[in-house]
Each structure stands twice: as structure tokens, then as C-alpha cells.
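Biologist: Could you walk me through this one before I set anything up?

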Amino acid sequence: MAVYGKNFEFNGKSSSDFGIMLAGFEEISSIPLGLDREINRGESNVYRPRQNHFGATYASPLEFELSVIKNIEEDQNDMIFSRNDIRSIAAWLTSPLYPLLFHMTDYEFDAYLEEPIDYYVTFSSIENVVVNGGIVGLTIKATCDCPFGYSQEFSKEIPANSGITITNTSDNYDGLIYPIIKINPTDNGQITISNDTEQKSITFKSKGANNAIFIDCQRLEIKDSIDSLIPLSDLGVSNPADIYFPRLLHGQNKISVKGNAKVTLTYREYRKVGAY
């Protein structure tokens, strides 16, 4: 990948915690974009030469490699990785079983860098770089959770009984963004969250003041502050088919709240820049 930062954060720690920094062992000749797509279409025959098209799907998630060495800016007598160094780094990067946020830090100035890009990755392999019998660096392969990178996290707050306009500038024009919604009610009345642009809404009964509700619109889950699923009956919802999980269309979305609750939407937008 194109490296713009000196360090990176992953799994609750920074590369600087391990005394390592991002580096490059060879000149980059290409940067993966992850935009290969497969065209879904039917069969053609002698009577039907034109195939029916059923859309396009991305062939695989974005993958990229990065390299690390010991931090040359620190006073280190030995730039060779010890066995314990390898153990601690490998445990940090390969213990997670599911994608986590990868965020580069300590950016250096670059004329082409307009916006920091984040990724959700699982590190799928680690290989060593050996010079004169000693390990002087590691090359790490990251497999992302989708073909794209992500913007920084956006957080939009909507006061009780009001509305705002949210502009979704995602690079996936025909796709949808599914936010995480936090609801802080001040009583046990009904709450309605609407995307007036889409003319759809979700209505439920709150569990009273100081009982926050979290709606994960991507995973179709409604939870409380201790991360336990809330039964739909507790929210006054009798038919699951009636639930609309709010989402953001590309462009402007008029989001409104009716009821005595402050609502906060957090989300990231897709960025089709590959590992650049």
C-alpha cells in the first residue's frame, strides 16, 4: 500500500507501543484498488443473443501489504527483531478473528493526500525480511472487510422533536450507508425516527429516561447500554416486518425525530481509493 503515516493503530494499540514503524523495502510499482467486478448475467442462445444483466458484484475484498521495521528514530542499539519482539507483534496483529479498524497516524505531508482513509482489516499473514541471518523487518498482509476504504467517522446529533439534513458523499452512489443510532430518551413515550427523503420511519416505545437504546442498522440489532438485545415486545413492536432500519441514501437525507429523545447517528462513508 501507499504509506503516508509513520505509525498505525489496530486492536487497541499503536505500532509505536512495540517500537516499530511503517517502512518500505522496495519501490512500489502498483497500488491495489480492489475494484475488480464480476458481471452477473444470464445465458445467450441463437434466439436470444442479448444477455439479461443482473448487476455487478465485486470479485473480492481489498487486500494490501505493509512493512514494518524497528523505529529508527528511537535509541535502539539493535535493529534486529528478537524472538520476543516477533511474539508480541504477532500476538497483537493475529489474535483478532474478525476485522478491526486500521488507522494510520503521524502523517507526513503529501500533496496527493486530501483525506485520511481508514480500513477494517484482518491480518492474514506475516512474513519476515532477513538480512545476514537476522530479521530486520516484517511484511504483513491485510485483508479488508470490503473492496473499499472508509472515511473518518461522522457523528450527527439530532435534538428532540427536530430534524437535520445529512449529506452522504459515499463513493458508492447506488449503495446505502447503515448508521449506528444512539437514542437518549427523557421519558417513556413514543419515539419516531424518519428519513423523510425516503419517506420511511421506525417508531417504538422508549424504556424511560436514562435508558439508552442502540440501533445497529447494518446488523439489524437493537440493544441496550450493556450490549444486550432488547426484545421487540419491550419496545412496543408486535410485528418485526414493520421495522424500518434507517439508512442514508447517496446525497441529501432529511432525518427527523419525534419524541422526547436526543438521537445521534454515527457512520463512515465508503472511499473507492484502494490502498492509496
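Biologist: Let's begin with the strands: what stands opposite S162 in β18?

Modeller: S162 has V257 across from it in β18, and I should say at once that we are looking at a predicted model.

Biologist: How many bridges join β12 to β18?

Modeller: There are seven bridges between β12 and β18, where β18 covers residues 251-258 and the two strands run antiparallel.

Biologist: And what is the strand order of the open four-stranded sheet?

Modeller: The order is β12-β18-β14-β15, and the pairing is antiparallel. At the edges stand β12 (162-168) and β15 (200-205), and each has a single partner strand, so one side of each is left without a neighbour in the sheet. On average, neighbouring strands of this sheet are turned by 15 degrees against each other, with direction ignored.

Biologist: Where is S194, and is it buried or exposed?

Modeller: S194 sits in strand β14, which spans residues 190-195, and S194 counts as buried because its relative accessible area is 10%, under the 20% cut-off.

Biologist: Which residues does S194 touch?

Modeller: Leaving aside residues up to four places away in sequence, S194 touches K200, S201, K254, I255 and S256.

Biologist: What about Q199, where is that found?

Modeller: Q199 is in the loop between β14 and β15, and with a relative accessible area of 70% Q199 is exposed. Its backbone deserves a look, since Q199 has a positive phi of about 60 degrees although it is not a glycine. As background, most residues other than glycine have a negative phi.

Biologist: Switching loops, what is phi of L220 near?

Modeller: Phi of L220 is near 60 degrees, again a positive value in a residue other than glycine. L220 lies in the loop between β16 (213-216) and β17, and L220 is exposed, with a relative accessible area of 54%.

Biologist: β17 belongs to an open sheet of five strands, so what is the order there?

Modeller: That sheet has the order β11-β19-β13-β16-β17, with antiparallel pairing. Its edge strands are β11 (154-158) and β17 (221-223), each of which pairs on one side only. The average turn between neighbouring strands of this sheet is 15 degrees, direction ignored.

Biologist: How many bridges are there between β13 and β19?

Modeller: Strand β13, residues 180-185, pairs with strand β19, residues 261-267, over six bridges in the antiparallel sense, and N184 has K262 as its bridge partner in β19.

Biologist: On to pockets: how much space lies in the largest pocket?

Modeller: About 690 Å³ of space lies in the largest pocket. Its lining comprises 18 residues, and Y120, D145, Y150, Q218 and R219 lie nearest the centre.

Biologist: How do the residues of that lining divide by character?

Modeller: The lining of the largest pocket divides into 11 nonpolar residues, two polar residues and five charged residues.

Biologist: Last one, where is G42 and what does G42 touch?

Modeller: G42 is in the loop between β4 (37-41) and β5 (53-58), and, not counting residues up to four places away in sequence, G42 touches Q51, N52 and F54. G42 is partly exposed, with a relative accessible area of 21%.

Biologist: And how are G42 and S170 separated?

Modeller: The C-alpha atoms of G42 and S170 are separated by 30 Å, and the two residues are 128 residues apart along the chain.

Notes
Residues are numbered from 1 along each chain as its sequence is written. This is a predicted model: local features need pLDDT of at least 70, side-chain atom pairs count only at pLDDT 80 or more; totals for chains, interfaces and linings use all residues. Side-chain values use heavy atoms; hydrogens and water are left out. On a 1 Å grid over the protein atoms alone, a cavity is a set of points where a 1.4 Å probe fits but cannot get out, and a pocket is an open set with protein on both sides within 12 Å along at least five of seven lines; lining residues have an atom within 4 Å of a point. Grid points are joined across faces, edges and corners, and a volume is the space filled by probe spheres set on the points. Ala, Val, Leu, Ile, Met, Phe, Trp, Tyr, Cys and Pro count as nonpolar, Asp, Glu, Lys and Arg as charged, and the others, Gly among them, as polar. Buried means under 20% relative accessible area, exposed over 50%, partly exposed in between (1.4 Å probe, protein chains only). Contact means heavy atoms within 4.5 Å. Two strands pair if DSSP finds at least two bridges between them. Axes are lines fitted to C-alpha atoms, for helices over the stretch in contact, and angles run from 0 to 180 degrees between N-to-C directions.
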